[in-house]
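User: I am new to this structure and would like to understand how the descriptions of it are justified. Please set out the reasoning for each.

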Amino acid sequence: MNREIKKICCIGAGFVGGPTMAVIADNCPELQVNVVDINKERIANWNNKDLSKLPIYEPGLKEIISRCRDTNLFFSSDIIKNLKSADMVFISVNTPTKTKGIGAGQASDLKWVEASARQISKYSRTGTIVVEKSTLPVKTAQTINTILKYSKESDSKNAKEKKFTVLSNPEFLSEGNAISDLVNPDRVLIGGEDEISINALMNIYLKWVKKEKIFTTDLWSSELSKLIANALLAQRVSSINSFSALCEKTGANIKDVSLAIGLDKRIGKYFLNAGPGFGGSCFKKDILNLIYICNHYGLKEVSSYWQKVLDINSWQQNRILSEIVNKMFGTIADKKLAIFGFAFKANTNDTRESPSMHICKKLLEEGAKLAIYDPKVSPEQIKKDLFDKKSINKDDNLQICVSTKDAVLDADAIVILTEWDEFKNLQWKKISLLMRSPSWLFDTRSICNIEEAQNHGINVWSTGFGKY
Ligand code: UDX
Ligand code: ADP
């Protein structure tokens, strides 16, 4: 049996909700897609006529927004109206790690998911299909189900009659490639118990995704698959980063090692780039969730195994910090460091868990003067990330720059922390003339032409390079 879906409402207009709904609207012109958010400023930015002001930077996103916005894709802060009319509701709200209470530092904070479920229960019609899109700990669907079933908040007289079905449809998009990941996914995963609801969601994806790529399973397997996929990807990054240190000690070169091992089909070439550690909103949070679940079930060995993946990530960042301080004669106090890149990876303006942010905080604590340039992260965001309540609160040592040239003027060192394309072919001759001597390049992403920088008198350290 088929269930026709005419209107979708997505709660949360963030890095997941925004691009996902844009791609659905673009491929399903017959559907009306309404994206809602409590953050009015974010909604205003999604509706901004100037597409360079969209709240999220993703290659290819603004083209889709210009095609679909106000045609079949709408951004609004009227949550109630859009919930009332939707046949299907996606939950794409944030689920950061809890900072206090039981499970603090490990479990996800589900207060935004819970608030969304309560709103759905109150305002949505009976029969609405609820799809969890945010990355969530296993068994969250059960929580959502319970809230939908027993919530007393319904404003309908027939509250007890209201019935909802819950599906898990985890997002595997990787920021910076979100649009191509959504348009051409490796797989679409749908978990659920109700076949009619599963088919309704599957029919949406079938508008542009081949049936062979759509995989259905039960709710918990679907939720767990998302966490495990991210844990395995993060593990590869920690593995290669651990070996980058060994290469540095032994005179080998991690890039060649990565290429050589990646040629083995069983290993594969992806996720073998050594660097300043993984960032982003998912990897750390999802591993912490797994650790929490494993501890809950008494699987101590399993939880400590995954804890090590996180430990190596922090160790890599601390190790890079030590290299910078040691190479610069044991102190960076009052020295000017040009920081290239603040986003957690290239092609995004997202800074959540960015290695650059963590390393910059530590460099500031060591007394360095930072001149930060990132092509897409706003100065306000950089300040917000660096001067939160816990960190030092003096920004005399921070300059936010509009170009690499602006940042390197009189700098003692350049630290490359995000692999933006424009950092790959820097003009080392010009740069060397602008810097103070002795000058240093710390290329944590190993993207520069080391020889060229050296030829212009710059000292170089690059992750995983043992030979200079
Ligand atoms: C990840 C998953 O890839 C995606 O499927 C999931 O839905 C959300 O989490 P994302 O966090 O956007 O996506 O970025 P990803 O490309 O996975 O990179 C994560 C981090 O690992 C970045 O900081 C990146 O720089 C780092 N990384 C990645 C490396 O250091 N080396 C690599 O070889 C690959
Ligand atoms: P993600 O990367 O998971 O998309 P973001 O933080 O970018 O995370 O986006 C989540 C969005 O969800 C935010 O814009 C936030 O304002 C929104 N949000 C959180 N709770 C609610 C809620 N109850 N109703 C509507 N929007 C919400």
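**Surroundings of ligand 2**

Analyst: In this predicted model, helix α5 (residues 111-123) gives the most to the shell around ligand 2, contributing 3 residues. Of the 17 residues around the ligand, Phe-15, Val-16, Asp-37, Arg-42 and Arg-352 come nearest.

User: What makes the approach of Val-16 to ligand 2 a polar contact?

Analyst: A backbone N or O atom of Val-16 lies 2.9 Å from an oxygen atom of ligand 2. A polar contact requires a pair of N or O atoms within 3.5 Å, so this pair qualifies. An oxygen atom of the ligand is also 3.1 Å from a polar backbone atom of Phe-15, and a nitrogen atom of ligand 2 lies 3.3 Å from a backbone N or O atom of Ile-38. Taken alone, ligand 2 exposes 580 Å², of which the protein buries 89%.

User: How do the residues of the shell around ligand 2 divide?

Analyst: The shell holds 7 nonpolar, 7 polar and 3 charged residues.

**The position of Asp-87**

User: Why is Asp-87 called buried?

Analyst: Asp-87 has a relative accessible area of 11%. Buried means under 20%, therefore the term applies to Asp-87. This residue is found in the loop between α4 (79-85) and β4 (88-91).

User: Which backbone nitrogen does the side chain of Asp-87 reach?

Analyst: The side chain of Asp-87 reaches the backbone nitrogen of Lys-6 at 2.8 Å. Not counting residues up to four places away in sequence, Asp-87 touches several residues, including Arg-3, Ile-5, Lys-7, Arg-125 and Ile-129.

Notes
Residues numbered from 1 in each chain as written. Chains lettered and ligands numbered in written order. Predicted model: local features only at pLDDT ≥ 70, side-chain atom pairs only at ≥ 80, totals over all residues. Heavy atoms only, no water. Near = heavy atom within 4 Å. Polar contact = N/O pair within 3.5 Å; in protein donor to acceptor, adjacent residues only side chain to side chain. Areas by Shrake-Rupley, 256 points an atom, 1.4 Å probe, with all protein chains shown as cover. Helix = DSSP H or I, 4+ residues; strand = E, 2+ residues; numbered from the N terminus. Nonpolar A, V, L, I, M, F, W, Y, C, P; charged D, E, K, R; others polar. Buried < 20%, exposed > 50% of the residue type's maximum accessible area, 1.4 Å probe, protein only. Contact = heavy atoms within 4.5 Å.
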